Amino acid sequence: MGDPLLLQKAAAVTRFDTPELHALIQDMHDTMTAMDGAGIAAPQIGVSLRVVIFGVGENPRYPDAEKVPYTVLINPGLTPLGDTMEDGWEGCLSVPGLRGVVPRYARMHYTGFDQFGNPIDRMARGFHARVVQHECDHLDGILYPMRIRDLSRFGYTDVLFPGQAVQDD
Ligand code: NI
(Lines give C-alpha, C1' and ligand atoms only; values in the text may rest on other atoms or scores of the structure.)
Protein backbone atom coordinates (compact mmCIF):
# COMPACT_ATOMS: atom_id res chain seq x y z
CA MET A 1 0.00 0.00 0.00
CA GLY A 2 1.39 3.36 -1.03
CA ASP A 3 2.76 2.17 -4.38
CA PRO A 4 1.09 4.30 -7.11
CA LEU A 5 0.79 1.19 -9.31
CA LEU A 6 -1.80 -0.20 -6.87
CA LEU A 7 -3.97 2.88 -7.51
CA GLN A 8 -3.96 2.56 -11.31
CA LYS A 9 -6.59 1.06 -13.57
CA ALA A 10 -4.88 -2.03 -15.03
CA ALA A 11 -4.84 -2.72 -18.79
CA ALA A 12 -6.78 -5.53 -20.47
CA VAL A 13 -4.90 -8.63 -21.65
CA THR A 14 -5.00 -8.82 -25.45
CA ARG A 15 -3.14 -12.09 -26.14
CA PHE A 16 -3.77 -15.40 -24.38
CA ASP A 17 -1.72 -18.60 -24.04
CA THR A 18 1.61 -16.78 -24.40
CA PRO A 19 4.80 -17.65 -22.49
CA GLU A 20 4.68 -14.20 -20.85
CA LEU A 21 1.14 -14.70 -19.57
CA HIS A 22 1.90 -18.21 -18.27
CA ALA A 23 5.02 -16.89 -16.50
CA LEU A 24 3.01 -14.07 -14.90
CA ILE A 25 0.41 -16.52 -13.59
CA GLN A 26 3.11 -18.86 -12.26
CA ASP A 27 4.72 -15.92 -10.45
CA MET A 28 1.35 -14.88 -9.00
CA HIS A 29 0.61 -18.46 -7.93
CA ASP A 30 4.00 -18.82 -6.24
CA THR A 31 3.55 -15.50 -4.42
CA MET A 32 0.02 -16.32 -3.26
CA THR A 33 1.10 -19.76 -2.04
CA ALA A 34 4.20 -18.46 -0.25
CA MET A 35 2.13 -15.81 1.54
CA ASP A 36 -0.77 -18.21 2.19
CA GLY A 37 -3.26 -15.88 0.52
CA ALA A 38 -6.75 -16.58 -0.82
CA GLY A 39 -6.10 -14.56 -3.96
CA ILE A 40 -3.80 -12.13 -5.69
CA ALA A 41 -4.00 -9.60 -8.52
CA ALA A 42 -1.24 -8.88 -11.04
CA PRO A 43 -0.76 -5.24 -9.88
CA GLN A 44 0.24 -6.62 -6.46
CA ILE A 45 3.40 -8.06 -8.01
CA GLY A 46 4.03 -4.94 -10.09
CA VAL A 47 2.24 -5.85 -13.36
CA SER A 48 -0.62 -3.56 -14.33
CA LEU A 49 -2.71 -6.11 -16.25
CA ARG A 50 -6.27 -7.35 -15.63
CA VAL A 51 -5.32 -10.76 -14.23
CA VAL A 52 -6.36 -12.22 -10.87
CA ILE A 53 -6.07 -15.68 -9.37
CA PHE A 54 -7.85 -16.99 -6.29
CA GLY A 55 -8.76 -20.20 -4.55
CA VAL A 56 -9.20 -21.68 -1.11
CA GLY A 57 -8.89 -25.44 -0.76
CA GLU A 58 -8.70 -27.80 2.18
CA ASN A 59 -6.39 -26.17 4.69
CA PRO A 60 -5.96 -27.62 8.17
CA ARG A 61 -5.26 -24.10 9.47
CA TYR A 62 -8.72 -22.95 8.32
CA PRO A 63 -11.05 -25.92 8.74
CA ASP A 64 -14.13 -23.69 8.73
CA ALA A 65 -13.20 -21.63 5.65
CA GLU A 66 -15.60 -21.90 2.74
CA LYS A 67 -14.00 -23.55 -0.28
CA VAL A 68 -13.39 -21.42 -3.36
CA PRO A 69 -12.42 -23.11 -6.65
CA TYR A 70 -8.88 -22.33 -7.84
CA THR A 71 -9.44 -19.87 -10.69
CA VAL A 72 -7.37 -17.83 -13.12
CA LEU A 73 -9.60 -14.91 -14.15
CA ILE A 74 -8.52 -12.48 -16.86
CA ASN A 75 -10.35 -9.35 -18.08
CA PRO A 76 -13.12 -9.93 -15.52
CA GLY A 77 -16.61 -8.52 -15.67
CA LEU A 78 -18.62 -8.43 -12.42
CA THR A 79 -22.34 -7.92 -11.99
CA PRO A 80 -24.00 -7.95 -8.56
CA LEU A 81 -27.06 -10.19 -8.27
CA GLY A 82 -29.43 -8.15 -6.15
CA ASP A 83 -28.67 -5.31 -3.76
CA THR A 84 -27.90 -7.39 -0.66
CA MET A 85 -24.59 -6.52 0.95
CA GLU A 86 -22.81 -8.53 3.64
CA ASP A 87 -20.13 -7.39 6.07
CA GLY A 88 -17.05 -9.57 6.41
CA TRP A 89 -13.45 -9.38 7.59
CA GLU A 90 -10.80 -8.94 4.90
CA GLY A 91 -7.06 -8.74 4.74
CA CYS A 92 -4.73 -8.13 1.81
CA LEU A 93 -1.20 -9.20 0.90
CA SER A 94 -0.54 -5.53 0.02
CA VAL A 95 -1.78 -4.34 3.43
CA PRO A 96 0.05 -6.78 5.70
CA GLY A 97 -0.82 -7.26 9.34
CA LEU A 98 -4.23 -5.56 9.20
CA ARG A 99 -7.86 -6.65 8.94
CA GLY A 100 -11.03 -4.68 8.37
CA VAL A 101 -14.76 -5.24 7.94
CA VAL A 102 -15.81 -4.57 4.34
CA PRO A 103 -19.32 -4.59 2.87
CA ARG A 104 -19.55 -6.66 -0.34
CA TYR A 105 -22.38 -7.84 -2.55
CA ALA A 106 -23.60 -11.19 -1.28
CA ARG A 107 -24.16 -12.67 -4.74
CA MET A 108 -22.29 -12.00 -7.97
CA HIS A 109 -22.26 -13.03 -11.59
CA TYR A 110 -18.76 -12.93 -13.05
CA THR A 111 -17.27 -13.53 -16.44
CA GLY A 112 -13.80 -13.48 -17.97
CA PHE A 113 -11.22 -15.79 -19.49
CA ASP A 114 -8.63 -18.24 -18.29
CA GLN A 115 -4.98 -18.07 -19.40
CA PHE A 116 -5.78 -20.08 -22.55
CA GLY A 117 -8.59 -17.77 -23.59
CA ASN A 118 -11.42 -20.12 -22.54
CA PRO A 119 -14.47 -18.20 -21.32
CA ILE A 120 -15.50 -18.29 -17.64
CA ASP A 121 -19.11 -17.56 -16.63
CA ARG A 122 -20.13 -18.19 -13.01
CA MET A 123 -22.39 -17.29 -10.14
CA ALA A 124 -20.82 -16.90 -6.71
CA ARG A 125 -22.06 -16.16 -3.20
CA GLY A 126 -20.62 -15.65 0.25
CA PHE A 127 -16.85 -15.87 0.64
CA HIS A 128 -16.36 -16.81 -3.03
CA ALA A 129 -18.21 -13.64 -4.11
CA ARG A 130 -16.20 -11.61 -1.57
CA VAL A 131 -12.84 -12.85 -2.84
CA VAL A 132 -13.76 -12.10 -6.46
CA GLN A 133 -14.83 -8.55 -5.57
CA HIS A 134 -11.69 -7.94 -3.48
CA GLU A 135 -9.32 -9.20 -6.18
CA CYS A 136 -11.06 -7.43 -9.06
CA ASP A 137 -11.03 -4.16 -7.08
CA HIS A 138 -7.22 -4.32 -7.35
CA LEU A 139 -7.58 -3.97 -11.14
CA ASP A 140 -9.36 -0.64 -10.67
CA GLY A 141 -6.93 0.76 -8.13
CA ILE A 142 -9.13 0.05 -5.10
CA LEU A 143 -7.70 -1.39 -1.87
CA TYR A 144 -10.11 -2.77 0.73
CA PRO A 145 -9.44 -0.02 3.33
CA MET A 146 -11.04 2.42 0.84
CA ARG A 147 -14.31 0.46 1.19
CA ILE A 148 -14.41 0.28 4.99
CA ARG A 149 -17.42 2.20 6.31
CA ASP A 150 -16.78 1.74 10.05
CA LEU A 151 -13.12 2.43 10.81
CA SER A 152 -13.62 1.21 14.37
CA ARG A 153 -13.57 -2.26 12.80
CA PHE A 154 -10.11 -1.92 11.20
CA GLY A 155 -6.98 -2.91 13.04
CA TYR A 156 -3.99 -5.12 13.58
CA THR A 157 -4.65 -8.81 13.02
CA ASP A 158 -2.76 -9.94 16.11
CA VAL A 159 -4.71 -7.50 18.29
CA LEU A 160 -8.12 -8.25 16.75
CA PHE A 161 -7.63 -12.02 16.65
CA PRO A 162 -4.99 -12.88 19.27
CA GLY A 163 -3.60 -16.35 18.94
CA GLN A 164 -5.56 -17.18 15.78
CA ALA A 165 -4.26 -18.03 12.33
CA VAL A 166 -6.00 -15.62 9.97
CA GLN A 167 -5.70 -15.77 6.21
CA ASP A 168 -4.81 -12.77 4.07
CA ASP A 169 -6.86 -12.31 0.90
NI1 NI B 1 -5.78 -7.69 -1.84
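**Exercise 1. Find which residue stands opposite Trp 89 in E5, and place the pair in its sheet.**

Solution. Start at Trp 89: it stands opposite Val 101 in E5. (Strands, E, are DSSP runs of at least two residues and helices, H or I, of at least four, numbered from the N terminus.) This is a predicted model, in which local features need pLDDT of at least 70, side-chain atom pairs count only at pLDDT 80 or more, and totals for chains, interfaces and linings use all residues. Residues are numbered from 1 along each chain as its sequence is written, and side-chain values use heavy atoms, leaving out hydrogens and water.

Next, count bridges: E4 and E5 are joined by six, in the antiparallel sense; pairing requires at least two DSSP bridges. Finally, widen the view: the open sheet of three strands runs in the order E4-E5-E8 with antiparallel pairing. Its edge strands, E4 and E8 (154-156), each pair on one side only.

**Exercise 2. Identify the protein donors of the nickel ion.**

Solution. First, list the atoms: Cys 92 (SG), His 134 (NE2) and His 138 (NE2) lie 2.1 to 2.3 Å from the nickel ion. (Donors are N, O and S atoms within 2.8 Å of the metal, or 3.2 Å for Na, K and Ca; water is not among the atoms, so sites may look incomplete.) Then read their sequence spacing, C-x41-H-x3-H. Cys 92, in the loop between E4 (85-90) and E5 (98-105), and His 134, in helix H2 (residues 126-138), are 42 residues apart and link distant parts of the chain. Last, check accessibility: both Cys 92 and His 134 are buried, meaning under 20% relative accessible area (1.4 Å probe, protein chains only).

Terms used
Buried < 20%, exposed > 50% of the residue type's maximum accessible area, 1.4 Å probe, protein only.
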